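Here are some short exercises, each with a worked solution. Have the model open and follow the steps.

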Number of protein chains: 2
Amino acid sequence: MKSIKENHPLDIATQLIRKEDHYLGHTSDHYANMVGPFGGITAATMLNAVLQHTEHIGDPVSLTINYAAPVSDGSFEIKATPARTNRATQHWFIELFQDDEIVITGTAVFAKRRETWSSTELKFPAVPNPEEAYPISSKGLPSWVRQYDIKIIQGLPSAFSHHVQTEVPSSTTLQWIHDEPKRNIDFLSLTAICDAFFPRIYVRRKQIVPIGTISLTIYFHVDSKQLQTYGDEVVLGHATANQFHNGFFDQTAEIWSPKGDLLATSSQFVYYKE
Amino acid sequence: MKSIKENHPLDIATQLIRKEDHYLGHTSDHYANMVGPFGGITAATMLNAVLQHTEHIGDPVSLTINYAAPVSDGSFEIKATPARTNRATQHWFIELFQDDEIVITGTAVFAKRRETWSSTELKFPAVPNPEEAYPISSKGLPSWVRQYDIKIIQGLPSAFSHHVQTEVPSSTTLQWIHDEPKRNIDFLSLTAICDAFFPRIYVRRKQIVPIGTISLTIYFHVDSKQLQTYGDEVVLGHATANQFHNGFFDQTAEIWSPKGDLLATSSQFVYYKE
């Protein structure tokens, strides 16, 4: 079973080799986007540098990744630096370099968690079961889309749809998603899934305009022990934009287990043209 | 008029003096919290290090501040480093040191913005006018609260209220807020206002437990030119938590102009005990 996991495209794409004080990695054709790699796989690879680091304590609770420039296809270096280690929390700087230039910056907070009073305020969305929803076609879409089984219940991108002819009023998307082939969920795959939504502006508008995420933040609401209990189950993603204004729009997203556990909440700010 | 602005407590608290490759600052009694300074003023001061930096271009669009340890009362050093400068965007690392140890880490993205197709999807909340709402009493609360005129329309902290006897089902707060004394809004005051909500867990529960923000992210939806048009008007803040789970809860927040312009969206992840 272990060898199967190790050979999963996601594990190959996020694989890092330690070299002195940094890591070496390589982009993967499987997760290619329109320009460079899918941002979710880059975020997962940045997180992996901390997870692989011998000094890390606890589990990730917060991750911010800033996309300073497009990642070029090929090899890259990642440096993860523990900025401060407390008794139960740890703060990291993460940098990705290509040709000695910074391409991606990031910070992560790790923590040892324990049981406390807990409460989920957000309501699990009313959705049909995954078996009743239809998978999207990845035809003509970047290759990262083929690494997922995505069933969009609401908010299919207008820009990719022949049925939608004009602008639609809502950018909200609800989708069932799992890795394809299936893979047990962990912090790497959950990180990538937080970004595995089509751009909100393509949901709203017919027009395809140049876009790029400039900053992505993920809060992990569960620890590794709880995450392991979900196995390779499908998860539900909900994403929406609050505002598109003069070149930037936001996206907030939540990822749920099918039983209604809130696994992660996320936000990102995205550049767009026109 | 300029001297009045310069003497505002917020300007004194966020003031930085350039010394070689870094800045010197000092905590302000006006913005003291239960332990150390109010997180919003620390975030504003971190942002100010970039705004003061001669190499910065454009306006802030994204800011993430990680609270690695409590800031001690007294002096501190901030180092702002441009990680990458593109034609229209710029990425920064920001670090705050006390006694040569990192206390706060952060990243910021700046950008030159221009007019594009725009749309606000989120609806402006149904609220009474500020004149019809009552200011909260700052009696017994940390001194930063006195630097604001806060009128809570919904979601008064249960933990501070004699009227609320048990846990309440919603953590949502709606509040009118402005600096006290009044001050023209800018990116510094807007940053602080994004964090000027009482902790969501104190809204939900009667019990006061130890809490601390570990990471705060703000997306600025307007540029400095648009921000200037609001003068010293009151703004509306909306904040809610999606989930409290095993030691961490999230908060998402939006800041609106009274006319219904969405100025900033924000999220934070907060540690809590018990």
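**Exercise 1.** Place B:Lys273 in its chain and work out which surface patch it joins.

*Solution.* Start with the location: B:Lys273 sits in the segment after strand E14 (262-272) of chain B, where strands are DSSP runs of at least two residues and helices (H or I) of at least four, numbered from the N terminus. A quick note on the setup: this is a predicted model, where local features need pLDDT of at least 70, side-chain atom pairs count only at pLDDT 80 or more, and totals for chains, interfaces and linings use all residues. Residues are numbered from 1 along each chain as its sequence is written, chains are lettered from A and ligands numbered from 1 in the order written, and side-chain values use heavy atoms, with hydrogens and water left out.

Next, exposure: B:Lys273 has a relative accessible area of 35%, so it's partly exposed (buried is under 20%, exposed over 50%, partly exposed in between; 1.4 Å probe, protein chains only). Finally, the patch: B:Lys273 joins A:Arg87, A:Lys112 and A:Arg114 in a positive one (residues with over 30% relative accessible area and no salt bridge, like charges joined within 9 Å).

**Exercise 2.** Which residues are joined with A:Arg183 into one salt-bridge network?

*Solution.* Take A:Asp11: its side chain meets A:Arg183 in a salt bridge at 2.8 Å, N to O (Lys or Arg side-chain nitrogen within 4 Å of an Asp or Glu carboxyl oxygen). That pair is 172 residues apart in sequence. Now A:Asp186, which also bridges to A:Arg183 at 2.8 Å; both of these residues are buried. Shared partners therefore join A:Asp11, A:Arg183 and A:Asp186 into one network.

Technical notes. Patches are made of residues with over 30% relative accessible area and no salt bridge: like charges are joined within 9 Å, nonpolar side chains (Val, Leu, Ile, Met, Phe, Trp, Tyr) within 5 Å. Accessible areas come from the Shrake-Rupley method with a 1.4 Å probe; for residues, only the protein chains shown count as cover. Lys and Arg count as positive and Asp and Glu as negative; His and the chain ends are not counted. The place of a charge is taken as NZ of Lys, CZ of Arg, CG of Asp or CD of Glu.
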